[in-house]
Structure formats: structure tokens, C-alpha cells
Amino acid sequence: MTQIFTDIFRNVDKNAPSIGGGCTAMAVIRIGTTLFLANTGDSTQFIAIYHPPSKLVEEKSNHNKRYIQNMTRPSSEQLNLQGRISIHHQNKLHKANFPDEKSRIENLGGRIHIPPKHPMGSRVIVRSTTHHEDVGLAMSRSIGDAEWTEVGVIADPDVQIVNLEEFWIANNISTKDSKMFVVLGSDGLFDARRVEFVAKHLAYGFFESDGDIAEQMLTVGKKLVNMASPIKVKFYRDDISFVAKVVEL
């Protein structure tokens, strides 16, 4: 599967339009009891386990419902998830400041700018024939950024392989009545909000809200977009997209 993912990502990269910007790419495939998670770029994917409380407290549930439905910002209210979340198999972001990525790019003549105070804001610099100036790419791997390919920005994904039966046993999921879900999201979400913040909101929608699950998750999704967006509309907002899915054994 790792080679299949690599071939697909490379093929999409090879056939991407030659003009315009590229993108990150993520995919999750389940075959039997094995989960494959593939990632290229600086988007984020992870597995989360929701550990339920002994019982839900009505007062806290009412507070959380008001909080999720309130789109007014700024607000001092916070989500008070009654269960507990643990994060597993979070992917590594492909940034040019990491030694293996940096070495590959520099060996092919690429230039890298690494801000001393913010190394995760590193850029791969090329002289763009489209823009006729130096342009920095925020990722060391991507799909469709043709001008960066020659200097080592590749489409090859990292692939994590998770045996769900082993994962279930290792984390006592069945015996503790826990739940598992997988999340994929763009940097527009995770540059603004921590993984735990996102996971708690999604867990609330999946496991602690009441009513129609589709409607609840839509409201939670709107809340996350709202909380990841700048308060003032004049400020830049990156694209925000994410997918979440409960996984059963």
C-alpha cells in the first residue's frame, strides 16, 4: 500500500496543471482491520480516542450545547468536554527545517529560508518564472508545485499503517467503552487551533451531543471554522477544510 500511495501521489503531481498553486494531500483507507494513513505536505491527520465519563452531567451538557451554538466572538466560554481525549498516530508535517527534508532540497541546489524565531515557518525559495521574483513555498513536499520539483520538493507521502485489532487491545478500547475516530484537516485549521482543541469539539459532536448526529456535526464544524478564523475580517484566513470519521473494529 505504501508504494501504491506513492505512485498515486506522484501521478497526480505529474499531471497537475502547470499554472496556479499546488496543494497538500491526505488519504485514509481501511482494508479489513488495517488502516492506512497517507500524508504529503503540512496538513494534519491523527487518530483520537474518546474515553467517556461514568455519566454525563446535565448542567455541563447544557453549557456545551449553548457554547457550540454561539458563533459570537470574542467569547470567554469554552467547551467542557466531559469525557477525555487521547491523540495517536499524528503525522509529521513536511517542513524544510527538518534535517532530512532540508538535506534533500539543499543537495539539489534548493534554497531554504528558516526564520530563527519561527523555524516551522520555513520556506523553500525558487526564482519563479511565473511571477518573475523569488517565491517561498511553506512545504517541503506537495502536489502540483512544478517550479519547486527540480529543487527537491517531492510528492511522496509518509504512510502510517495501523493494525486496528492491536490498537484496540493496546488502548483497552472495548473494555473501557471508548470510541475511536480519525481526523484529517488543512493547515488553515491547525495553524490556528491545537489538535486537542479540534479533537475535543469533534468528540462532543460525535459522542456527547443530542439530536440528529448529522446536524450536530454540521454545527460543530461551523463552530470550528468560526474559532479558527480571524476575529477581524480584514485579516488573512487560510482555507479551512477537515474530515472526521468514527472507526469501528
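A residue is called buried when its relative accessible area is under 20%, exposed when it is over 50%, and partly exposed in between, with a 1.4 Å probe and protein chains only. The model shown is predicted: local features need pLDDT of at least 70 and side-chain atom pairs count only at pLDDT 80 or more, whereas totals for chains, interfaces and linings use all residues. Residues are numbered from 1 along each chain as its sequence is written, and side-chain values use heavy atoms, without hydrogens or water.

**View A. Strand β9 between β3 and β10.**
Of the seven residues of β9 (179-185), six are buried, and the strand is mostly covered. Helices (H or I, at least four residues) and strands (E, at least two) are DSSP runs, numbered from the N terminus. Strand β9 pairs with β3 in the antiparallel sense over seven bridges; two strands count as paired if DSSP finds at least two bridges between them. At this pairing, threonine 44 stands opposite glycine 185 of β9. Strand β9 is also joined to β10 (residues 242-247) by six bridges, again antiparallel. There, valine 182 has lysine 245 of β10 as its bridge partner.

**View B. The largest nonpolar core and a second, separate core.**
A nonpolar core is a set of buried Ala, Val, Leu, Ile, Met, Phe, Trp, Tyr and Cys residues joined through side-chain atoms within 4.5 Å. The largest such core holds 26 residues, of which Phe46, Ile85, Phe181, Leu189, Phe190 and Leu202 touch the most other members. Two or more residues each come from β3 (44-51), α2 (58-69), β9, α6 (187-190), α7 and α8. Helix α7 is the main contributor to this core, giving seven residues. A second core, separate from this one, has 13 residues, including Leu37, Leu164, Phe167 and Val182. Val182 of this second core is thus also the residue paired with lysine 245 in View A.

**View C. The second largest pocket, lined in part by α7 and α8.**
On a 1 Å grid over the protein atoms alone, a cavity is a set of points where a 1.4 Å probe fits but cannot get out, and a pocket is an open set with protein on both sides within 12 Å along at least five of seven lines; lining residues have an atom within 4 Å of a point. The second largest pocket encloses about 260 Å³ of space; grid points are joined across faces, edges and corners, and the volume is the space filled by probe spheres set on the points. Its lining comprises 17 residues, and Tyr67, Gln78, Leu79, Phe197 and His201 lie nearest the pocket centre. Helices α7 (195-208) and α8 (213-228) each supply at least two lining residues, and α7 provides the largest share, four residues. By class, the lining contains six nonpolar, five polar and six charged residues. Ala, Val, Leu, Ile, Met, Phe, Trp, Tyr, Cys and Pro count here as nonpolar, Asp, Glu, Lys and Arg as charged, and the others, Gly among them, as polar.

**View D. The open sheet β1-β2-β8.**
Three strands form an open sheet in the order β1-β2-β8, with antiparallel pairing. Strands β1 (25-31) and β8 (158-163) are the edges, each pairing on one side only. Neighbouring strands of this sheet are turned by 15° against each other on average, direction ignored; axes are lines fitted to C-alpha atoms, for helices over the stretch in contact, and angles run from 0 to 180 degrees between N-to-C directions. Strand β2 (residues 34-40) is joined to β8 by six bridges, and asparagine 39 stands opposite aspartate 158 in β8.

**View E. The open sheet β5-β6-β7.**
This open sheet has three strands in the order β5-β6-β7, paired antiparallel. Its edge strands, β5 (111-113) and β7 (133-137), each pair on one side only. The average turn between neighbouring strands is 40°, direction ignored. Three bridges link β5 to β6 (residues 123-128), where isoleucine 125 is the bridge partner of arginine 111.

**View F. Two residues with positive phi in the loop between α5 and β9.**
Most residues other than glycine have a negative phi. Asparagine 172, in the loop between α5 (164-170) and β9, has a positive phi near 50°. Asparagine 172 counts as partly exposed because its relative accessible area is 34%. Aspartate 177 lies in the loop between α5 and β9 and has a positive phi of about 55°, although it is not a glycine.

**View G. Valine 57 in the loop between β3 and α2.**
Valine 57 belongs to the loop between β3 and α2 and is partly exposed because its relative accessibility is 34%. Its C-alpha atom is separated by 7.9 Å from that of glutamine 82, 25 residues apart along the chain.
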